[in-house]
Each structure stands twice: as structure tokens, then as C-alpha cells.
Amino acid sequence: MLIGQLARRTGTSERLLRYYERVGLLTSTRQANGYRDYDDAAEQAVRQIRALLAAGLSTTLIRQVMPCALADGSLRPCPGVLDKLHAQLDRLDRRAEELAEARQALHQAIAAAERGE
């Protein structure tokens with residue numbers, strides 16, 4: 001499929017698809033006219049890339065994770081990758097705790113302001 005078709009099927013811009021290819025997350029072949037040609041698996045790959053980005057993974061880490069991806073969207077355990085995913089989860093947990101503390105502090109500040117303190 002051409003890049004425009006892949007963009008429509010995945011809701012991803014052509015520019016972003018070219019970026020994914022440039023950083024090694026997605027592959028295509030070239031037609032004689034130079035147009036990118038993606039296979040049917042590219043659609044699932046883009047969906048996995050988008051999900052992993054939404055989970056806070058960097059493109060560098062996603063490049064390491066993608067070879068572990070299965071056709072159904074799940075991941076098989078690859079050496080070293082699971083440790084990196086656990087580390088990312090730990091970072092997200094710490095960030096969630098920081099946000100919860102900031103949220104509580106803001107609630108307290110608002111409550112104090114509303115009481116006229």
C-alpha cells in the first residue's frame with residue numbers, strides 16, 4: 001500500500017510515517033517511481049508504535065521492542081527488553097506519584113484561597 005493509504009488506515013500523518021521509517025521503526029520498499037510501498041503488516045506496526053509512544057516509550061526503546069512484537073499486538077519476552085519496559089514502568093509510577101502530590105498541593109492551595117487564608 002502507498003503511504004497515503006497507510007496514513008488513512010492508521011490515522012497517522014504521512015510526515016509521521018516518514019519519520020517512523022527514518023528512525024528505523026517502520027520499513028517500506030520503493031516502487032520504480034520512488035514511491036514508498038508498505039506491506040499489510042505495516043498497519044499493525046504503526047498501531048503498535050503509536051501505543052508504545054502513548055505509553056511513554058522513546059523511539060529508541062520502541063526500536064528495540066518492535067522485533068519482539070507479535071501479529072496480535074502483544075509482545076514476546078526478548079532478552080533485555082523486559083527489563084527496559086519494567087524500568088519505564090517504574091519511571092511512570094514515580095511520575096504518577098509526583099503528579100498526585102502536585103495535585104494534592106494544588107487542591108490545598110485552592111481550598112486555602114477559597115477560605116480566604
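Which helix is Glu21 found in? I started my notes with that one, and the reply is α2, the helix that covers residues 14–22. A reminder to myself: this is a predicted model.

**Entry 1: Glu21 up close.** I looked up how much of Glu21 is accessible and got a relative area of 19%. Glu21 therefore goes down as buried, since the label applies under 20%. Next I checked what the side chain of Glu21 meets, and I found a polar contact with the side chain of Tyr38 at 2.9 Å. I then listed the contacts of Glu21, setting aside neighbours within four places in sequence: Leu26, Ser28, Arg36 and Tyr38. Tyr38 thus turns up in both of my searches.

**Entry 2: the fold as a string.** I counted five helices and two strands in the chain. Read from the N terminus, I get the order α-α-β-β-α-α-α. I also looked up the radius of gyration, which is 20 Å, while the globule rule gives 13 Å for 117 residues, so the chain is more spread out than a compact globule. For the C-alpha trace I noted spans of about 70 × 35 × 25 Å along the principal axes.

**Entry 3: surface and contacts.** Of the 117 residues, I find 27% buried. I put the accessible surface of the chain at about 7900 Å², with 53% of that belonging to carbon and sulfur atoms. Taking contacts between residues at least 6 apart in sequence, I see that 45% join residues at least 24 apart.

**Entry 4: charges.** I tallied 17 positive and 15 negative charges in the chain, and their mean positions lie 8 Å apart.

Note on methods. Residues are numbered from 1 along each chain as its sequence is written. This is a predicted model: local features need pLDDT of at least 70, side-chain atom pairs count only at pLDDT 80 or more; totals for chains, interfaces and linings use all residues. Side-chain values use heavy atoms; hydrogens and water are left out. Helices (H or I, at least four residues) and strands (E, at least two) are DSSP runs, numbered from the N terminus. The radius of gyration is taken over C-alpha atoms; the globule rule is 2.2 Å times the number of residues to the power 0.38. Buried means under 20% relative accessible area, exposed over 50%, partly exposed in between (1.4 Å probe, protein chains only). Contact means heavy atoms within 4.5 Å. Accessible areas come from the Shrake-Rupley method with a 1.4 Å probe; for residues, only the protein chains shown count as cover. Lys and Arg count as positive and Asp and Glu as negative; His and the chain ends are not counted. The place of a charge is taken as NZ of Lys, CZ of Arg, CG of Asp or CD of Glu. A polar contact is a pair of N or O atoms within 3.5 Å; within protein, one must be able to donate a hydrogen and the other to accept it, and residues adjacent in sequence count only if both atoms are side-chain atoms.
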